[in-house]
Amino acid sequence: MPDQVSAAPDRSTLRLALVVGGLVLAVLLGFGLGRMNTTGTATGSPSLAADHTDPPGTGPHNHGSAASTDQGTATEPGGLAVSSAGFTLAPLTTEFAAGRPGQLRFQVRDVQRRPVTRFAVVHDKPMHLIVVRRDLTGYQHLHPTMAADGTWSVPLTLAQSGVWRAYADFTVVADNGAQTAVTLGADLVVPGDYQPRSLPGPATSTRVDRFTVGYQGTPQAGATVPLTFRVGATPLERYLGAYGHLVALREGDLGYLHVHPEPELVDGQVKFWLTTPGPGRYRLYLDFQVGSEVHTAEFTLTVP
């Protein structure tokens with residue numbers, strides 16, 4: 001009688017089949033869970049950029065930067081573009097007569113070209129406007145007022161002919177409360193004979209009005225380093241919520257850095273943390289207040 005083969009698998013074959021099947025099932029489940037987690041992260045959590053805000057009036061930091069200002073991390077200056085982060089600076093006035101009082105009017109518009117009307121108050125103001133001629137002379141730090149339709153306006157006199165750069169430094173508040181800090185730039189024109197001035201040489205001390213102002217520190221390209229400023233022996237007053245405000249503009253492209261200091265004086269000095277994005281010459285403008293009057297000290301800085 002011939003041998004008969006059983007149709008039922010033996011125990012070793014059955015055990016092997018179960019192990020292989022379990023491995024295949026685990027791989028398929030892991031792949032599916034991975035896709036679910038990836039989708040949840042992309043759609044359920046806002047990006048770090050959307051989460052990040054600079055609380056108004058707190059801590060030293062840079063404005064106008066396109067990257068982190070951590071130690072050793074390069075940052076790109078702001079104000080180089082008229083549009084950034086979904087917002088556009090739209091000047092309603094771009095031409096001025098040399099030495100004649102005028103008015104600068106502009107709007108900040110979103111991607112739908114609608115005027116933005118919700119801004120955070122940062123350092124006591126919802127809008128900081130810096131105006132300077134392209135040879136880095138004629139610096140002005142202004143604070144426009146906004147009408148209900150989102151149009152900003154401020155009196156402005158541009159003393160000399162040439163092309164001037166206007167920087168709008170602001171923080172937009174979204175409907176969900178998220179804040180986005182942006183610095184946008186646009187050119188203004190004063191017709192006439194343009195005679196550019198050369199920058200003064202680098203110096204760590206200067207005289208403005210009746211004050212001698214000096215600083216200590218050695219900025220390095222791509223690194224965050226401290227700069228400390230001393231205004232003689234005169235007690236400083238708070239201006240816009242701080243003991244000083246520092247704007248740095250890069251010669252050539254006029255890249256913009258707006259740096260704020262430590263909240264308190266350090267040994268009677270105003271201490272800033274400055275990140276310069278690369279080598280070149282920069283013009284520093286230090287605003288400080290004494291006797292309810294604001295003064296501006298200017299320095300030329302060379303970063304190797």
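This passage looks at a sheet and some salt bridges in a predicted model.

To start with the sheet, five strands line up in the order β2-β3-β4-β8-β7, and the sheet is open, with antiparallel pairing. The two edge places go to β2 (83-84) and β7 (145-146); each has a single partner strand, so one side of each is left without a neighbour in the sheet. For β7, that partner is strand β8 (residues 151-156), which runs antiparallel to β7 and is joined to β7 by two bridges. Thr-145, for one, has Ser-153 of β8 as its bridge partner.

Then there are the salt bridges, nine in the structure. One of them ties Arg-133 to Asp-135, with the closest N and O atoms 2.6 Å apart. Arg-133 has a relative accessibility of just 2%, under the 20% cut-off, so this residue counts as buried. Asp-135 is buried too, at 7%.

Another salt bridge brings together the side chains of Arg-114 and Asp-110, at 2.9 Å from N to O. Here the two ends sit on either side of the cut-off: Arg-114 is partly exposed at 48% relative accessibility, whereas Asp-110 is buried at 14%.

Arg-165 and Asp-187 make a salt bridge as well, their closest N and O atoms being 3.0 Å apart. This pair links distant parts of the chain, as Arg-165 belongs to strand β9 (residues 162-173) and Asp-187 to strand β10 (residues 179-190), 22 residues apart. Arg-165 is buried, with a relative accessible area of 8%, while Asp-187 is partly exposed at 32%. Arg-134 comes into the picture here: salt bridges with shared partners join Arg-134, Arg-165 and Asp-187 into one network.

Key
Residues numbered from 1 in each chain as written. Predicted model: local features only at pLDDT ≥ 70, side-chain atom pairs only at ≥ 80, totals over all residues. Heavy atoms only, no water. Pairing = 2+ DSSP bridges. Helix = DSSP H or I, 4+ residues; strand = E, 2+ residues; numbered from the N terminus. Salt bridge = Lys/Arg side-chain N within 4 Å of Asp/Glu carboxyl O. Buried < 20%, exposed > 50% of the residue type's maximum accessible area, 1.4 Å probe, protein only.
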